[in-house]
Amino acid sequence: MREKLYQSMIELTNGRWSSSILQSFARSKLSKTIIPSYIKYFNITLQDVTRPIHDFANLHDFFIREVSQESRPIHIGTSSIISPVDATVETFGSITKDGIFWVKDKPYTLENLLGSQKVANQFVNGKYIILYLSPAEYHRIHAPVSGDVIRQYRLGKKSYPVNKWGLQYGKEAISGNYRLVTELCMPNKKHCVHIKVGAMFVNSIELTNTTSVWKKGEEVGYFSFGSTVVMLFEEGSMEFASTMKPGKFVRMGEIVANML
């Protein structure tokens, strides 16, 4: 009953009109006046922000703020895979032989997530990790590993909440949302997929690197509003770092796994 009610309420408020209103306001001069309240509400630390608060033109400008390189050191290990974002580790683990992984006790299939059974077959018996970015976080996206871009494509249209309530009570919040998929060939010649998932109201996922090569730690894009990143890895291509655990907060550049 709770799940049905939640889904009904989301459907009533999540549409083009609501998204348009939110985006227009976030980019308006008026929204600049609420930046201090936004910072206070989400308890945002400003020590690493590269610009004074009064320099931001609007809320969206602040939301996609840049931070100093010194505040996000990149793990230098040659085999390390880093977190591409500042985020909470929602969950991680193994993908089944049937191409299924679990989030909040809900099964997701690789085929639905990737939009292709052929691509999905590459990651059967592999590993996955899901990283959640709250509206408070630094929302620039970086390369988790160096590699050649095999393909990039977009899937989905509408987006639903990807916070803990959305994952628990929503309907396929990850595989049903608007998303940008990037497949990479890593230095160990194994493939990984870097999936940027849109959040409710705002589906904006902007690429700032459109080249065919990613370098670990470099910026490749940014989100507008809260979002999620899903990473998939081929079987036998990596192992998670011993420090990893669900609920752990990781900063961009921090090691999350090692290539094999």
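The exercises below work through a predicted model of one protein.

**Exercise 1. Overall make-up**

Find how many helices and strands the protein has, and what share of its residues counts as buried.

Solution.
- Start with the secondary structure: there are 7 helices and 16 strands.
- Turn to burial. The protein has 260 residues, and 53% of them count as buried.
- Next, take the surface. The accessible area is about 12600 Å², with 54% belonging to carbon and sulfur atoms.
- Last, look at contacts with a separation of 6 or more. Residues 24 or more positions apart account for 75% of these.

**Exercise 2. The sheet with S1, S16 and S14**

Work out which strands of this open sheet stand at the edges, and why one side of each is left without a neighbour.

Solution.
- Write down the strand order: S1-S16-S14, an open sheet of 3 strands with antiparallel pairing.
- Read off the edges. S1 (80–82) and S14 (238–240) each have a single partner strand, so one side of each has no neighbour in the sheet.
- Add the geometry. Direction ignored, neighbouring strands here are turned by 30° against each other on average.
- Now check one pairing. S1 and S16 (residues 255–259) run antiparallel and are joined by 3 bridges.
- Place a residue pair: Ser-80 stands opposite Asn-258 in S16.

**Exercise 3. Strand S3 and its hairpin**

Decide which side chains of S3 are buried, then describe how S3 meets S4.

Solution.
- Recall the general pattern: side chains of a regular strand alternate between the two faces of the sheet.
- Apply the pattern to S3, residues 100–103. Phe-101 and Val-103 point to one face and are buried. Ile-100 and Trp-102 point to the other face and are not buried.
- Move to the partner. S4 (residues 106–109) runs antiparallel to S3, and 4 bridges join the two.
- Pick one bridge: Trp-102 is partnered by Pro-107 in S4.
- Finish at the turn. The hairpin has 2 residues between its strands, and Lys-104 takes a positive phi near 50°.

**Exercise 4. Asp-48**

Is Asp-48 buried or exposed, and which residue's side chain does the Asp-48 side chain meet in a polar contact?

Solution.
- Locate the residue. Asp-48 lies in the loop between helix H3 (35–41) and helix H4 (59–63).
- Apply the cut-off: buried means under 20% relative accessible area. Asp-48 has 13% relative accessibility, so Asp-48 counts as buried.
- Find the polar partner. The Asp-48 side chain contacts the side chain of Arg-72 at 2.8 Å.
- List the surroundings. Leaving out residues up to four places away in sequence, Asp-48 touches Glu-66, Val-67, Ser-68, Ser-71, Arg-72 and Arg-251.

Technical notes
Residues numbered from 1 in each chain as written. Predicted model: local features only at pLDDT ≥ 70, side-chain atom pairs only at ≥ 80, totals over all residues. Heavy atoms only, no water. Pairing = 2+ DSSP bridges. Axes fitted to C-alpha atoms, helices over the stretch in contact; angles between N-to-C directions. Buried < 20%, exposed > 50% of the residue type's maximum accessible area, 1.4 Å probe, protein only. Contact = heavy atoms within 4.5 Å. Areas by Shrake-Rupley, 256 points an atom, 1.4 Å probe, with all protein chains shown as cover. Polar contact = N/O pair within 3.5 Å; in protein donor to acceptor, adjacent residues only side chain to side chain.
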